[in-house]
Every structure is written in C-alpha cells, then in structure tokens.
Amino acid sequence: MAGYDAGAIEEKWQAYWSENKIFSAKDDGKSPKFYVLDMFAYPSGAGLHMGHTLGYAASDIYARYMRHRGYNVLHPMGYDSFGLPAEQYAIQTGQHPAVTTDRNIKRYRAQLDRLGFSFDWSREIRTSSPSYYRWTQWIFMQLFNSWYNVAADRAEPIEGLIQRFEAGGNRALKAACDEGVPPFSALDWQAFSEAEKQALLLKYRLAYRVQTEVNWCPGLGTVLAHDEVVNGVSARGGFPVIRKEMMQWNLRITAYAQRLLDGLENLDWPEPIKDMQAHWIGRSEGARIRFDVLDSQDVIEVFTTRPDTIFGTTFLVLAPEHEVVVSITSPEYAEAVQVYRSRSAQRRVPDRTAVVKTPSGQFTGAYAAHPFTRARIPIWIGDYVLANCGAAAVMGVPCGDQRDWAFAAHFELPIKNVFAAVDISKGAHSDREGTRMANSEFLNGLTPGEAARRVVAELKRLQLGSGRVNFRLRDAVFSRQRYWGEPFPVYYKGGLPQLIDEAHLPLALPEVDAYAPTETDGSPLERAEAWAWDTQRNKVVSNDLIDGKTVFPLERDTMPGWAGSSWYFNRYVDARNEGEWAGRAALNYWRDVDLYIGGREHATGHLLYSRFWQKFLFDRGWAPVSEYAKKLVNQGMVWGTSAFVFRVVDSCTFVSKNLADAYETTPLHVDVSLVNASQELDLEGFRKWRPEYADAEFILENGKYITARAVEKMSKSKYNVVSPDDIIERYGADTLRLYVMFLGPLTQSKPWDTKGITGVHNFLKKLWRLYHHGGAFGLSTEVADEVELKILHRAAQKVGYAIEHFTFNTGVSALMIAVNELQALRCDKREILEPLSILLSPYAPHIAEELCRKMGHSESIAHAEFPRFDPALLVPDSHEYPILFNGKLRFKMTFAADTPQRDMEAAVLRAEKTSRYLAGKAPKKIIVVPEKIINVVY
C-alpha cells in the first residue's frame with residue numbers, strides 16, 4: 001500500500017476487532033478494573049451527530065489509554081430505546097415502534113462501528129427489550145414493596161412495616177409517607193379491612209399512586225416532564241400543554257432528599273452539576289405555620305424560611321391549584337378566580353416562576369387570621385406559587401422579600417416594616433446581618449436568628465406550627481399515558497394495585513390496533529383486547545374475562561423514559577444474566593463506574609433519578625455501593641445553526657419570518673437540510689418531512705418562505721445536526737476522531753467548523769510517510785540518539801497527561817509536534833517509531849493498528865503497554881529567556897540548560913542591544929528567574 005488509504009485501513013481493522021472480540025472485558029475478578037461509560041444513547045432517526053462524536057471519542061480515547069496501562073477495561077454501549085419520538089412516528093404511520101427503533105439502532109451501530117469505538121458489544125442492552133425491562137419491572141416491584149425508615153435512614157421491606165403496625169400502630173413510627181396520614185393503634189390496624197390496610201400501606205410505599213398535577217399534552221396524549229415543555233407547548237411537535245390533575249404513579253424520591261444532598265460532597269463531579277442538584281433538592285430550614293381561614297373550617301399551612309418576619313405578613317398567596325381555593329373563594333370573586341386558574345393551567349412552570357415586571361395574581365375575597373395577632377389577612381392566588389412546591393402557599397412579607405414587595409406595591413396591599421432603622425420605601429430588606437426586629441410585639445429588639453427561634457417556640461406552644469426542614473424536591477411522577485414504555489407489572493383488585501408474581505416477568509407490551517391515545521385521552525394500552533391478569537393461570541388474558549374474582553384489569557399506563565436509564569450501568573456488568581438483575585460477584589468486582597461522560601443537561605433528570613435508584617438498591621442489599629459513578633465529566637456542547645418556521649396558532653399555516661409579527665405564531669424548529677444558504681425553506685420537502693405538515697399552507701414574502709436562524713446546541717430535537725458519515729467517507733474516522741479532539745478542551749463548548757480538518761488529515765499522511773520510504777514500509781534498527789529520544793519522551797509525557805486531564809487537544813498538538821520534529825530529523829528508527837504508534841493509538845486506532853501489524857506484531861496494539869517517559873529526558877538542552885529592562889521586554893537570548901547564572905548575567909551585559917537600552921547607565925542589579933526571565937534593573 002503506497003499511500004495512506006484511510007477507508008481500506010479502517011474497514012480492515014474494524015472487521016478484525018469485531019471478529020476477534022478485542023474489546024471484550026474479562027470477568028475474572030482479579031485484574032485491576034476500569035469502567036468507562038457513556039450516557040445512554042437514544043436511537044433517533046437522525047442518527048449520530050457531532051455532539052455524540054465528541055463525547056464518544058473522548059471516552060474511547062480514555063478507555064484505550066487505560067487498556068494500554070494494563071487495566072481490564074469495561075467500555076459498554078447500549079440504547080435507551082423507549083421514547084416518545086418512535087411512538088409519535090407510530091401514531092403517524094401505523095408502524096410499530098419496535099420496527100422503527102430496530103431500524104434506527106442498526107444505523108447507530110453502523111455509525112459507531114465506523115468511528116472505531118472500542119465498545120464491548122457482547123454486553124449491548126436495549127431498554128425496550130423484554131429481557132432488559134423485566135428487570136426494570138422487578139426494580140419497580142421492589143420499590144412498591146419497600147418503605148423508608150426515617151429512624152434507620154434507609155429503605156426496608158414492607159413486611160417490616162406491617163409488623164410494626166401489628167405491634168404498635170403508627171404513633172411512634174418515623175417513616176416517609178403521605179401528609180395527613182391519621183394516627184392509629186395496633187388494635188385499629190387489626191380492625192381495618194384488607195382493602196383499608198392496602199390503601200394505608202400505599203401511603204408509605206416508595207412506589208405509590210396519587211392524584212398529581214402534571215403537564216398534560218392532548219396532542220401527544222401523554223404527560224410531559226418540565227424540560228419537554230417550551231413556552232407552553234411540547235418541545236416535539238409544538239402542541240399546547242396544560243396543567244391538569246391525574247391519577248399517577250409516583251416514586252418517593254423525597255425520602256432520599258438529604259442523602260442525595262449529602263452524597264454530593266464525596267463525588268468527583270463537576271461543581272456546576274452538584275450545584276444544580278443541590279438547588280433542585282433545595283434544602284431550607286424554617287417553620288410550618290398555620291393560618292385559619294375566617295368564616296371557614298379550612299386551614300392554610302405555609303412554610304417559610306423567615307419566621308422572624310411573621311409580624312410583617314400582610315397577605316397570603318396560594319397556588320391557583322391549591323385544594324382550598326374553590327371552597328374559600330367568595331361568590332363575587334368566583335368567576336375571576338376561575339378565569340385566572342384556567343389561564344395559569346396553560347403556563348409552564350419556568351414561565352410561572354420567572355421574575356416579571358408586572359406581578360400576576362387574583363384576590364379570592366377570603367381572609368385568614370394572623371396566628372398571633374388574629375388580624376385579617378387577605379388571601380390571593382398567584383401563579384408564581386406552585387402546587388408541588390413547599391406547602392403551595394406563601395405568607396406575603398413585602399418588607400423582607402422583593403417579590404412580595406413588588407406584589408404588594410402592584411396590588412396596593414399594605415407594606416409593614418418589621419426592621420429597625422431600615423428604609424423599605426423602594427424595596428425589600430433581605431439582609432439579616434446587623435438587623436434588629438421592630439413592630440413585632442414580643443420580638444422587638446431581637447436579631448433575626450433570635451426572633452426565628454422565639455417564633456418557632458411560640459408556634460409550638462400554641463399548636464399553630466413548628467420548626468421544619470423543607471426540600472424543594474418533589475416526588476417523581478412515574479406514569480406516562482403512552483404505548484412505547486415499560487408496562488407496570490400491576491393489576492387492580494377493588495381499585496387497589498396488586499403485583500403480579502416475579503416468576504412471571506417480563507410482562508410484555510400487548511398488541512394494539514393504534515398507538516394514539518383513546519378518544520377520552522386514555523392510554524393506548526386501553527385499546528388492547530387482551531390486557532387483563534388471570535391470577536389463577538398467571539397469564540395475560542382477554543379483557544372479556546375480567547370478573548373481579550380471579551381476572552383483573554392490568555395497569556394501562558407505562559413507565560417514563562428515565563426508568564430504564566436509572567440502573568443500566570449495573571446491568572452492563574452482567575448483561576446476559578437471566579436469573580438476576582446482576583450477579584453479586586460481577587457487581588462486587590466492577591462495583592461502580594470509574595469514568596462517566598455525558599451532557600450537563602441531565603443534571604436534574606437522569607443524573608438525579610439514577611442516584612436515587614442506586615441508593616435504594618444499596619439500601620436493600622442488591623448494589624454494593626450507594627453512588628454508582630466516581631467521576632463525571634461533562635463534554636462541552638457542540639454548537640450548530642438551527643432554523644425556525646412560524647406556525648399560526650391553532651392552524652397548519654406557516655408565516656415567513658418577516659411577516660410573522662402580524663400574526664400570533666409559535667416558532668418551531670425545522671430540519672436544516674430543508675433550508676438553503678439563503679434561509680429559504682423547501683416547501684414541498686417540508687410537507688413531506690412530517691405527516692402532520694402534509695397539508696401545510698404558507699404565507700410567503702416575495703414568493704419565498706424565509707426561515708429564522710439561531711446558533712444553538714447541536715441536537716436531534718433542534719434538527720440542526722451534522723452527521724459524521726460524510727466526513728468519514730471523505731477523510732476517514734481517524735481524522736475525524738483527531739479533529740473533534742483538536743477543536744478545544746473537552747469540557748468547553750465549541751461551534752462546529754470543518755475549516756481545519758484537512759490539516760489534521762495531512763498530519764496523518766505525514767505520519768504515514770515516517771514509516772514508509774519510496775512507497776515501501778521500512779524501519780531501521782539503529783539506536784536512537786538523545787535528540788530523538790527526547791522528542792519521544794516529551795510526547796509520551798504530554799499525551800498521557802492530556803488524556804488523564806481531559807485536555808485531549810494538547811495531546812493532538814504534542815503528537816503533531818513530535819511527528820514534525822522526527823520528520824525534520826528523517827528519523828526512521830524502530831526504537832522511536834514503534835512506541836510513537838502506541839502513543840497515537842488511543843486517538844487514531846486504525847492507522848496505529850495497521851502500523852503495528854506492519855512492524856511484525858501478531859497481536860492487536862490495543863493492549864500494548866503505553867510508553868513510559870524518563871523525566872531525565874524531559875529536561876531541555878537550552879532555554880530561551882526574555883530579557884527585560886526595568887520590566888519591559890526588549891529582546892530574547894538562548895542559554896544552555898546548565899549555564900551558570902553568573903555566566904548568563906555576563907552574557908546579557910555583553911550583548912550589543914544591552915548597551916543601547918542602558919544608554920550609559922550602570923545596572924543596579926540583574927534578576928535571573930531560572931527558566932523564566934532575566935530582568936536588568938537600572
């Protein structure tokens with residue numbers, strides 16, 4: 001092979017690696033292990049893009065490096081293959097989501113293979129495979145059969161809770177449970193019916209059903225997470241989203257709030273991720289205070305972190321969804337309250353809680369009594385108060401909270417100052433330092449801290465409240481009204497959930513005739529003709545056989561997309577185990593992920609839920625550690641250019657960019673492949689792009705539809721992805737791997753730009769020529785000289801350091817410098833070029849493997865020892881010193897590394913330029929900073 005033929009080389013070695021299972025990890029339990037993991041991939045129809053390539057290339061370089069260092073490396077890959085996009089495509093086309101998913105996975109796999117990633121494919125998993133989700137169902141069953149013992153600070157089997165109820169009821173019990181559970185004795189428990197006992201246990205289980213306010217998207221027919229809603233519409237499809245209450249499965253993640261917070265301290269994770277999780281968990285200390293509603297039996301409880309300001313309360317604000325709103329609202333305000341609640345239900349949470357210039361609220365006509373003074377306090381509703389945060393009610397203290405101050409000022413409510421010698425005429429005073437209380441009866445003269453403690457004591461004495469630690473974190477909604485997800489292994493007996501026996505898992509998805517929600521917004525599983533559980537035969541049977549005695553209806557909802565990704569890292573260690581979720585020996589050997597690479601956008605989703613599941617599995621004795629990932633690295637985003645169209649609300653009409661202001665429109669992402677360089681949309685291509693746009697109409701400007709542009713994260717959901725396929729076809733995978741690393745530090749975001757890729761490709765050609773002469777491969781056996789050795793050892797030190805510190809771009813630079821210097825020396829010595837190929841191997845494995853074989857090795861380069869550097873060879877022969885005069889750089893001089901300081905001083909003074917800058921003046925002193933600078937002071 002005369003020239004560097006990337007395509008032929010890469011195809012050859014990819015086949016070799018696959019056939020010989022070069023990257024299969026051993027389960028010997030003896031070798032030092034290293035577990036490198038990428039965040040689960042969702043196999044979309046768009047395939048891989050450069051954002052994926054960046055993260056996967058980084059993890060692969062690290063995995064290959066650790067193999068070179070003698071570790072038994074586990075580097076697996078699988079697919080988070082349940083998801084809404086596949087189901088939406090099924091709704092539109094009638095094609096089963098499994099067919100779409102399988103096709104997408106095949107494309108993903110081909111792309112991953114072409115990039116030369118060293119995945120252990122023998123451990124591949126798919127969350128949509130029954131052999132995998134049987135264990136997701138099993139974990140759900142364990143959550144259902146567990147409760148949280150607050151005294152022991154861990155999850156325990158539900159049988160232990162039943163025994164406690166039988167022995168002494170719940171009066172002395174410290175457990176995580178629903179609010180408002182009434183106290184009962186052992187005798188009471190014995191007297192309860194079986195149905196009453198099951199209903200009561202549901203209030204303690206870690207997996208439970210309850211009425212929950214959710215983001216409901218009628219157009220998609222499912223509940224959406226907050227991050228799936230943008231500006232009041234679904235991120236996918238732009239369908240309107242409303243807030244509504246539905247019976248949902250929830251997971252009691254709040255029981256783990258403090259442990260999730262405490263666990264962050266010992267994690268080697270990026271501080272921004274830890275900060276985001278800490279903020280999301282939102283621990284705060286304060287008081288729970290009871291306000292009695294006047295002329296009503298209703299009571300409003302609020303949580304406040306500033307009980308010291310209680311005498312500054314001049315109004316209450318409830319979440320529009322608060323359970324007492326309807327009952328306390330006076331007739332004259334009923335219509336206005338209902339209008340406000342309806343409008344609030346259309347708004348997404350981030351929009352409701354955003355700071356705005358004009359506060360939003362509505363008076364209910366009701367009043368509450370101040371707990372100490374019994375003064376009348378007006379009760380309002382405001383959509384910045386959320387039903388699922390705190391107590392869904394806040395006490396308005398405008399003197400101490402800026403949002404309350406703005407609310408009071410806007411609605412002309414009283415602003416009472418409870419701080420001594422503080423001006424609140426232009427805004428609230430929130431600083432506790434140096435403040436004393438005033439106009440606060442028994443708190444006057446106290447500091448805020450003293451006042452807070454006094455208020456809590458008084459509240460407790462009067463039985464009007466108590467001190468409390470509160471968390472912003474809410475229990476996780478775990479239901480989705482969709483087809484393509486894990487079925488719950490649950491049937492209903494007398495309206496109460498019961499588990500099918502573990503021996504009969506997996507409970508597989510049934511066949512349905514359509515994948516859309518039912519006409520009544522029910523789950524697609526309601527369409528299944530056979531979705532009932534026969535408790536005698538332990539099998540799924542026809543719905544016609546439901547009799548309420550031995551045959552019962554199965555749960556119609558499915559689990560959310562994050563269920564399967566909350567534990568997959570454990571399955572990889574024993575992926576083919578059919579008898580357990582993972583074997584104890586494998587779990588104890590691999591234990592945890594040594595390096596986890598993925599995007600920071602998962603901070604309060606996957607990364608939090610997975611920590612919760614891991615802690616639960618640890619509590620119950622199934623997982624060996626309570627945190628699953630020692631080190632997390634977030635790759636920076638790759639920026640792409642997005643395109644937008646403007647859809648007229650409640651229509652399928654799209655308005656060109658410069659005409660959009662005249663209409664009420666919703667901006668929607670459009671695939672950038674449908675937009676030309678002039679930002680003009682391909683109208684027919686757009687109609688064919690998505691079935692729901694087949695009948696789209698357009699309002700054009702000058703006969704054209706002009707799109708809007710924006711630079712955003714490269715993402716499938718934004719339809720702005722750039723596929724690696726074309727670049728691999730033209731330059732090869734090794735070039736692309738090197739180039740994405742050369743763009744900059746892994747953790748920094750960067751725009752996608754191919755301007756420098758030819759330079760990287762030329763580097764590989766130059767490298768190839770080092771090993772070939774006159775078109776033929778050939779290396780000499782001559783002993784390397786010191787100059788050549790220094791080049792090699794500098795490269796070894798820099799490449800290793802760059803990989804270990806995730807500054808992969810500096811590793812690429814070090815390799816380029818080494819090749820240039822060796823080429824200048826016409827070096828062809830095996831002693832230098834053989835270890836050089838190993839240095840290159842993590843970055844560009846195909847060409848390194850080819851060179852390894854040409855050098856006569858019969859085994860893969862993948863496990864060759866990484867070259868060690870000799871520190872003595874890193875000492876430079878000479879050093880270039882900037883020469884400064886009174887601190888100003890004037891020229892530079894080079895000295896041998898062993899030059900004595902006095903000789904350097906003398907040489908500087910003899911230099912021709914020195915006399916010019918001294919201008920006849922005698923130097924006062926010469927400062928020499930070794931290997932840094934020389935400064936002449938005169």
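**Helix α6**

I began with Q163 and A167, which are exposed on one side of helix α6 (exposed means over 50% relative accessible area, buried under 20%, partly exposed in between, with a 1.4 Å probe and protein chains only). I keep in mind that this is a predicted model, where local features need pLDDT of at least 70, side-chain atom pairs count only at pLDDT 80 or more, and totals for chains, interfaces and linings use all residues. Residues are numbered from 1 along each chain as its sequence is written, and side-chain values use heavy atoms, with hydrogens and water left out.

Which residues of α6 are buried? In this helix, residues 158–168, I found I158, L161 and F165 buried. Seen down the axis of α6, the buried residues fall within an arc of 55°, so they line one face of the helix; the arc is that of the directions from the helix axis to the C-beta atoms. Their cover includes β3 (146–149), β4 (154–157), α7 (186–191) and α8 (194–201). Just after α6, I noted G169 with a positive phi of about 70°.

For these labels, helices (H or I, at least four residues) and strands (E, at least two) are DSSP runs, numbered from the N terminus.

**Strand β1**

Next I looked at β1, residues 33–38, where 6 of 6 residues are buried. K33, Y35 and L37 point one way, while F34, V36 and D38 point the other way. I then traced its pairing with β2 (residues 72–74), which is parallel over 3 bridges; two strands pair if DSSP finds at least two bridges between them. Y35 of β1 stands opposite L74 in β2.

**A sheet of 3 strands**

A reminder to myself: strands of a sheet pair through backbone hydrogen bonds, either parallel or antiparallel.

In what order do the strands of this open sheet run? I read β21-β20-β22, with antiparallel pairing. β21 (539–541) and β22 (551–553) stand at the edges with a single partner strand each, so one side of each has no neighbour in the sheet. Neighbouring strands here are turned by 40° against each other on average, direction ignored. β20 (residues 532–534) pairs with β21 over 3 bridges, and W533 has V540 in β21 as its bridge partner.

**Two helix pairs**

For angles, axes are lines fitted to C-alpha atoms, for helices over the stretch in contact, and angles run from 0 to 180 degrees between N-to-C directions.

I checked α22 (residues 757–770) and α26 (residues 845–854), whose axes come within 12 Å and cross at roughly 5°. That makes α22 roughly parallel to α26 (angles under 35 degrees count as roughly parallel, over 145 as roughly antiparallel, 65 to 115 as roughly perpendicular and the rest as oblique). The contact (heavy atoms within 4.5 Å) is made by L764, L767 and W768 of α22 and by I847, E850, L851 and K854 of α26.

How are α10 and α18 oriented to each other? Helix α10 (residues 271–281) and helix α18 (residues 606–619) pack at about 75°, with axes 11 Å apart, and are therefore roughly perpendicular. I saw I273, Q277, W280 and I281 in α10 meet L607, L608 and R611 in α18.

**The whole chain**

Last, I zoomed out: the protein chain has 28 helices and 36 strands. Buried residues make up 55% of its 938 residues. The C-alpha atoms fill a box of roughly 95 × 80 × 75 Å, taken along the principal axes.
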